[in-house]
Amino acid sequence: MRRLHVHVLVMSYVDPCSGASARLSEEGPCDMAGIPDFHGPHVEPPLPGHITLTWYDPTPRPPRIRVISHTCECRDTTYELCAAAGQGFVRRTDREKQTVRETAWTLTATARRIFHQILHGEAR
Ligand SMILES: [Zn+2]
């Protein structure tokens, strides 16, 4: 159970923005420092040889979608780990291009793994 506890801590993440909030006003990498709810982990740059994910247009008329986890809103591209109808997928929102794409719907555990691979630059 101790191991599980550690895992949960990693999943909930130490907010990289609030952690650096004392310097945010000077450096300004993140303009939402006052709204911790919007903060999530920052995605790392893709690694050489990373997995190339297939991104699809959003599912039309989706059932109610629950966002389990999301990356930091201060970046132009955000990724959300979503669950709906007993399945999971990752949604990518590019605010600059104004596009929304999602991975194939799969097992929740698989979607969770994909989300973490994206965070660590292992998939994109
Ligand atoms: Zn941020």
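Start with the largest nonpolar core of this predicted model by selecting its 12 residues: V43, L53, W55, Y79, L81, V90, A111, I114, F115, I118, L119 and A123. If you then colour the selection by secondary structure, you will find that β2 and α4 are the elements that give two or more residues to this core, and that the largest share, 5 residues, comes from α4.

Keep α4 on screen and display its buried residues, which are T110, A111, I114, F115, H116, Q117, I118 and L119. To check the helix along its length, place a distance between its end C-alpha atoms: they are 17 Å apart, which agrees with the 16 Å that 12 residues should span at 1.5 Å a residue. Just beyond, select G121, which follows α4 and has a positive phi, near 75 degrees.

Return now to the core and centre the view on W55. Which residues are in contact with W55, once its neighbours within four places in sequence are left aside? They are Y79, V90, R91, R92, R101, E102, T103, I118 and R124. Of these contacts, R92 deserves a separate look, since its side chain can be shown together with the ring: R92 lies over the face of W55, at 4.7 Å from the ring centre.

Next, show the aromatic side chains, among which the structure holds 2 aromatic pairs. One of them is formed by W55 and Y79, whose rings are tilted, with 5.9 Å from centre to centre and 50 degrees between the planes. This pair links distant parts of the chain, as W55 belongs to the loop between α3 (21-27) and β1 (66-70) while Y79 belongs to strand β2 (residues 77-84), 24 residues apart. Both W55 and Y79 are buried.

For another pair, select F89 and W105, whose ring centres are 4.4 Å apart and whose planes meet at 10 degrees, so the pair is stacked. Because F89 lies in strand β3 (residues 87-94) and W105 in the loop between β4 (99-102) and α4 (108-119), the pair ties together parts that are 16 residues apart in sequence. Are these two rings buried or exposed? F89 is buried, with a relative accessible area of 0%, whereas W105 is partly exposed, with a relative accessible area of 22%.

Finish at the strands by selecting β1 and β2, which pair in the antiparallel sense over 4 bridges. A hairpin of 6 residues joins β1 to β2, and on the paired strands you can pick out H70, which stands opposite E80 in β2.

Methods:
Residues are numbered from 1 along each chain as its sequence is written. This is a predicted model: local features need pLDDT of at least 70, side-chain atom pairs count only at pLDDT 80 or more; totals for chains, interfaces and linings use all residues. Side-chain values use heavy atoms; hydrogens and water are left out. Rings of Phe, Tyr and Trp (its six-membered ring) pair if their centres lie within 6.5 Å; planes under 30 degrees apart count as stacked, over 60 as edge-to-face and the rest as tilted. Buried means under 20% relative accessible area, exposed over 50%, partly exposed in between (1.4 Å probe, protein chains only). A charge sits over a ring if NZ of Lys or CZ of Arg is within 6 Å of the ring centre and within 35 degrees of the ring normal. Two strands pair if DSSP finds at least two bridges between them. The expected span of a helix is 1.5 Å times one less than its number of residues. A nonpolar core is a set of buried Ala, Val, Leu, Ile, Met, Phe, Trp, Tyr and Cys residues joined through side-chain atoms within 4.5 Å. Contact means heavy atoms within 4.5 Å.
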